[in-house]
Amino acid sequence: MKRPMALMIVALVLVFGAIFGFVEGKKIIIARYLANYEPPPVTVSAEEARNERWDVVIGAVGTLKAVQGIDIATEASGIVTKLHFKPGDNVRAGQELVSLDDRVEVATLKSLQAQRRLADINFERDQRLIATKAISRTDFDKTDALLKDVSAQVEKTEAVIARKHLRAPFDGRIGIPQLDPGQYATEGQAIVTLQALDTLEVDFSLPEQELPRLAVGQRVRCRVQAYPEQSFDGHVSAIDAKVDGNTRNVLVRARVPNTASTLLPGMFVSVEVIVGDAEEHVTVPETALSYNLYGDSVFVVAERAREDGGKELAVTRHYVKLGPHREGRVAVTEGVAAGDLVVTAGALKLDAGTVVT
């Protein structure tokens, strides 16, 4: 009995020894591998920081509107008989735009004109008779009053007819009509918009502390989302006479030439008021910045020597101080020099000293 037991104990010792030996050997192999392991370079995009001259500006947002822009509305009710334009047409001042049914008024006018002709004849006859005292002054006054009354009614009817023929008050571009021929228009109902597009205005608000830097005539630069690569220059045309007591902002108005009719009233616009001469800045793309509680930073790519004598690219983290932002770029006042290669994409995978390509 003792011999089989001894053999079993020896076998167990050998088995557990082999297991422990395998585990320890595996640890040694992994440790040696990790000691000699070099992670592959991280692929990133990078761009050089560059010197740029930027104007000193005050930024704001506003909405474009036409210097002259109205909704053509009816002054009298009636059936729309004709539209004298196509949507988007350029029209001239005085051009007829909309006609309402005026047949009743035209018929009334003809009747009144006939009455005025008769009253005029009677007036001329009585004027001769009064000179010879063939009629009394009272009869002549009645004839004179009747002529004036009928003439006033003619003028009133002509004015009513004119109100049913809507005309353009100024040159501009006509919009899309809200009524079609045959529909009934009530008094005061808007039918179509008319906008003069050669010059537009933009109203925007600025904090009251900016007032000392504002002046009428200052150049402004506007951008709209429809044309992100294009800017539109104008000038400050007016500064409001008071500061809003609720917001402590002052209302500013600028005029922007629009000879190509590229811009339309109602567009959202970002405005920059140029208040000083251009200044030199070192700028980097906004995508190069990392924002965190310890401060804003960028990764700068630089060449360094390898242990085997070769060269490799690695990154270092530079904490920076930022200046103004503009068109996807930001000015860096401290931490980066012009010519430094900064990482613009792939920074989430980086740490100080990471090798990159």
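**A tour of the predicted chain**

Begin with the whole protein chain shown as a surface: its accessible surface comes to about 22100 Å², and 55% of that area belongs to carbon and sulfur atoms. Keep in mind as you go that this is a predicted model.

Now switch to the C-alpha trace and turn it along its principal axes, where the protein chain spans about 170 × 65 × 40 Å. The radius of gyration of the protein chain is 43 Å, whereas a compact globule of 357 residues would have a value near 21 Å. If you colour by secondary structure, you will find three helices and 21 strands.

Next, select the charged side chains, of which 42 are positive and 48 are negative, and note that the centres of the two sets lie 4 Å apart. Colouring by burial instead shows that 33% of the 357 residues are buried.

From here, move to a smaller region and select residues 297-305, which form strand β16, together with residues 311-319, which form strand β17; these two strands are antiparallel and are paired over nine bridges. Within this pair, select V300 and look across to β17, where its bridge partner is T316. Then follow the chain into the hairpin, where five residues lie between β16 and β17, and stop at G309, which takes a positive phi near 95 degrees.

Which strand do two bridges join to β16? Select residues 341-345, which are strand β20, and you will see that β20 and β16 run antiparallel. To find a point where they meet, select V301, which stands opposite L341 in β20.

Methods
Residues numbered from 1 in each chain as written. Predicted model: local features only at pLDDT ≥ 70, side-chain atom pairs only at ≥ 80, totals over all residues. Heavy atoms only, no water. Helix = DSSP H or I, 4+ residues; strand = E, 2+ residues; numbered from the N terminus. Rg over C-alpha atoms; globule rule 2.2 N^0.38 Å. Buried < 20%, exposed > 50% of the residue type's maximum accessible area, 1.4 Å probe, protein only. Areas by Shrake-Rupley, 256 points an atom, 1.4 Å probe, with all protein chains shown as cover. Lys, Arg positive; Asp, Glu negative; His and termini not counted. Charge placed at Lys NZ, Arg CZ, Asp CG, Glu CD. Pairing = 2+ DSSP bridges.
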